[in-house]
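Student: I'd like to learn how to read a structure like this one. Could you walk me through it, feature by feature?

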Amino acid sequence: MSHFFEGVAGILADIIGDPVTYQPASGDPRAVQSIFREGPEDLQDDDGHLVRAVGPRWKVRKSDAPELKRGDTIILADGRVFEVQAVWPGGSPASDAFLHADLFEVPA
């Protein structure tokens, strides 16, 4: 069944996403095509319940940031820096599924 979802995350990131610089806490920074959002969005938790996310969020393919964890940072094209506060699985069974990260903007 998961084969139906293979490749969807990459297509979505390519169509509605933008490149951001991902800086893991240990490792070199790299540009990744991903989706950054600041406005309210309804997400589904592991039990299938809708949860309203109101802070900034980042969706990135697991394969592009497999080590993603709290304390890592991303840098947007406009220079704003965000720190990862929490990481959640996207819910898709596909191998290239999104990881969802709750972010906090780092003051300049």
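**Reading the model step by step**

Tutor: Happy to. Let's begin with a single residue, D78, which is found in the loop between β6 (73–75) and β7. Keep in mind throughout that this is a predicted model.

Student: Is D78 buried or exposed?

Tutor: The idea is to compare its relative accessible area with a cut-off, and exposed means over 50%. D78 has a relative accessible area of 52%, so it counts as exposed.

Student: What does the side chain of D78 reach?

Tutor: For this we look at pairs of polar atoms. The side chain of D78 reaches the backbone nitrogen of R80, at 3.0 Å. You can also compare sequence with space: D78 and V20 are 58 residues apart in sequence, and their C-alpha atoms are 9.7 Å apart.

Student: Let's step back, then. What does the secondary structure of the chain come to?

Tutor: It comes to 1 helix and 8 strands. Reading along the sequence gives the pattern α-β-β-β-β-β-β-β-β.

Student: How much of the chain is buried?

Tutor: Of the 108 residues in the chain, buried ones make up 32%.

Student: And how do I read the contacts in the chain between residues far along the sequence?

Tutor: Take the contacts between residues at least 6 apart in sequence, then ask what share joins residues at least 24 apart; here that share is 46%.

Student: Now the interior. What is the general idea behind a nonpolar core?

Tutor: In soluble globular proteins, nonpolar side chains tend to be buried together. In this model, the largest nonpolar core has 15 residues, and those touching the most other members are Y22, F36, W58, V60, L68, I74 and L103.

Student: Which elements give two or more residues to this core?

Tutor: They are β1 (18–23), β2 (30–37), β5 (57–61), β7 (81–89) and β8 (98–106). With 3 residues, β8 gives the most.

Student: Could we zoom in on one core member? What does V60 touch?

Tutor: Leave out residues up to four places away in sequence, and V60 touches V32, S34, A65, L68, A97, F98 and L99. L68 is also among the core residues that touch the most other members.

Student: β8 came up for the core. What about F104, which has its place in strand β8?

Tutor: Here the accessibility falls between the two cut-offs, which are 20% and 50%. F104 is at 48% relative accessibility, so it counts as partly exposed. Beyond its neighbours within four places in sequence, F104 is in contact with V81, F82, E83 and Q85. The C-alpha atoms of F104 and P56 are separated by 6.9 Å, with their positions 48 residues apart along the chain.

Student: Let's look at another loop. Where is P40?

Tutor: P40 sits in the loop between β2 and β3. P40 is exposed because its relative accessibility is 60%, above the 50% cut-off.

Student: Which residues does P40 touch?

Tutor: Setting aside residues up to four places away in sequence, P40 touches R52, A53, V54 and R57. For V54, the C-alpha to C-alpha distance from P40 is 4.4 Å, at 14 residues apart in sequence.

Student: Then R52 is a good one to follow. How do I read its surroundings?

Tutor: Place it, check its exposure, then list its partners. R52 lies in strand β4, and at 53% relative accessibility it counts as exposed. R52 touches P40, E41 and D42, not counting residues up to four places away in sequence. With D42 there is a polar contact between side chains, at 2.8 Å. R52 and P40 are 12 residues apart in sequence and 6.7 Å apart from C-alpha to C-alpha.

Student: Last topic: how much space lies in the largest pocket?

Tutor: About 440 Å³. Of the 14 residues that line this pocket, L43, Q44, D45, W88 and P89 are the closest to its centre.

Student: Which elements supply the lining, and what is its chemical character?

Tutor: At least two lining residues come from each of β3 (41–44), β4 (50–53), β7 and β8. The most come from β4, which gives 3. By type, the lining divides into 5 nonpolar, 5 polar and 4 charged residues.

How values were computed. Residues are numbered from 1 along each chain as its sequence is written. This is a predicted model: local features need pLDDT of at least 70, side-chain atom pairs count only at pLDDT 80 or more; totals for chains, interfaces and linings use all residues. Side-chain values use heavy atoms; hydrogens and water are left out. A nonpolar core is a set of buried Ala, Val, Leu, Ile, Met, Phe, Trp, Tyr and Cys residues joined through side-chain atoms within 4.5 Å. Buried means under 20% relative accessible area, exposed over 50%, partly exposed in between (1.4 Å probe, protein chains only). Helices (H or I, at least four residues) and strands (E, at least two) are DSSP runs, numbered from the N terminus. Contact means heavy atoms within 4.5 Å. A polar contact is a pair of N or O atoms within 3.5 Å; within protein, one must be able to donate a hydrogen and the other to accept it, and residues adjacent in sequence count only if both atoms are side-chain atoms. On a 1 Å grid over the protein atoms alone, a cavity is a set of points where a 1.4 Å probe fits but cannot get out, and a pocket is an open set with protein on both sides within 12 Å along at least five of seven lines; lining residues have an atom within 4 Å of a point. Grid points are joined across faces, edges and corners, and a volume is the space filled by probe spheres set on the points. Ala, Val, Leu, Ile, Met, Phe, Trp, Tyr, Cys and Pro count as nonpolar, Asp, Glu, Lys and Arg as charged, and the others, Gly among them, as polar.
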